[in-house]
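Here's a quick briefing to read with the model open in your viewer. It goes topic by topic, so feel free to jump around.

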Amino acid sequence: MKIEHVALWTSNLENMKKFYEELFDGKVGSKYVNPKTHFESYFIAFESGAKLEIMKKPSLLMGNSDSDGQNPGYAHIAFSVGSKEKVDRVTEQLRNKGFQVVSEPRTTGDGCYESCILDPDGNRVEITE
């Protein structure tokens, strides 16, 4: 398994994009916008293969939680398991061990197949293909 990406909430998406692109030589992907939820994000890839997802959502103002229990700053860590079938299998194994599944396996609007569980401290962990 490898860490797929780490995600951060921000109130200024373009400023954060510029910071990681210019100062850390990040390669920025296309901007994703969900017109229904007003969620916006960029994936930024680095030379090592690591990725950072920076995200903005109007309902999540810095210092406030939103209705989904999200908080400013750290959002989640994502582990790539290699296939959709393995996402399904790992999600079910974690559920059977008593971990809370907060997002069932699905293809998201930006094309990722993933699920999301809470670790023992309540941090979000995405399981991606």
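What follows covers a helix and its packing, a strand pair, some backbone angles and the salt bridges.

First, the ground rules: this is a predicted model, so local features need pLDDT of at least 70 and side-chain atom pairs count only at pLDDT 80 or more, while totals for chains, interfaces and linings use all residues. Residues are numbered from 1 along each chain as its sequence is written, and side-chain values use heavy atoms, with hydrogens and water left out.

**Helix α2**

- Helix α2 runs over residues 84-96, which is 13 residues; helices here are DSSP runs of H or I with at least four residues, strands are runs of E with at least two, and both are numbered from the N terminus.
- From first C-alpha to last, α2 reaches 18 Å, close to the 18 Å expected at 1.5 Å a residue (the expected span is 1.5 Å times one less than the number of residues).
- Val 87, Val 90, Thr 91 and Leu 94 are the buried residues of α2, where buried means under 20% relative accessible area, exposed means over 50%, and partly exposed is in between (1.4 Å probe, protein chains only).
- Those buried residues cover an arc of only 100° around the axis, which puts them on the same side of α2; the arc is taken from the directions from the helix axis to the C-beta atoms.
- As background, an α-helix has 3.6 residues a turn, so residues three or four places apart point the same way.
- On the face of α2 turned away from its buried side you'll find the exposed residues Glu 85 and Asn 96.
- The buried residues of α2 pack against β7 (101-107), β8 (113-118) and β9 (124-128), with contact meaning heavy atoms within 4.5 Å.

**Strands β7 and β8**

- β7 and β8 pair in the antiparallel sense over four bridges; strands pair if DSSP finds at least two bridges between them.
- Arg 106 sits in β7, and its bridge partner in β8 is Glu 114.
- Leaving out residues up to four places away in sequence, Arg 106 touches Cys 112, Tyr 113, Glu 114 and Ser 115.
- The C-alpha atoms of Arg 106 and Lys 84 are 9.0 Å apart, with their positions 22 residues apart along the chain.

**Positive phi angles**

- Most residues other than glycine have a negative phi.
- His 38 has a positive phi of about 65° although it is not a glycine; His 38 lies in the loop between β3 (32-34) and β4 (39-45).
- Two glycines also take positive phi: Gly 98, just after α2, at about 95°, and Gly 111, near 90° in the β7 and β8 hairpin, which has five residues between the strands.

**Salt bridges**

- The whole structure has eight salt bridges, each a side-chain nitrogen of Lys or Arg within 4 Å of a carboxyl oxygen of Asp or Glu.
- Arg 106 and Glu 114 meet in one of them (3.4 Å, N to O); Arg 106 is partly exposed at 32% relative accessibility, whereas Glu 114 is buried at 8%.
- Salt bridges that share partners join Glu 14, Lys 31 and Glu 40 into one network.
- In the Lys 31 and Glu 40 salt bridge, the closest N and O atoms are 3.2 Å apart.
- Glu 104 and Arg 95 form a salt bridge through their side chains (2.7 Å, N to O), with Glu 104 partly exposed at 40% and Arg 95 partly exposed at 30%.
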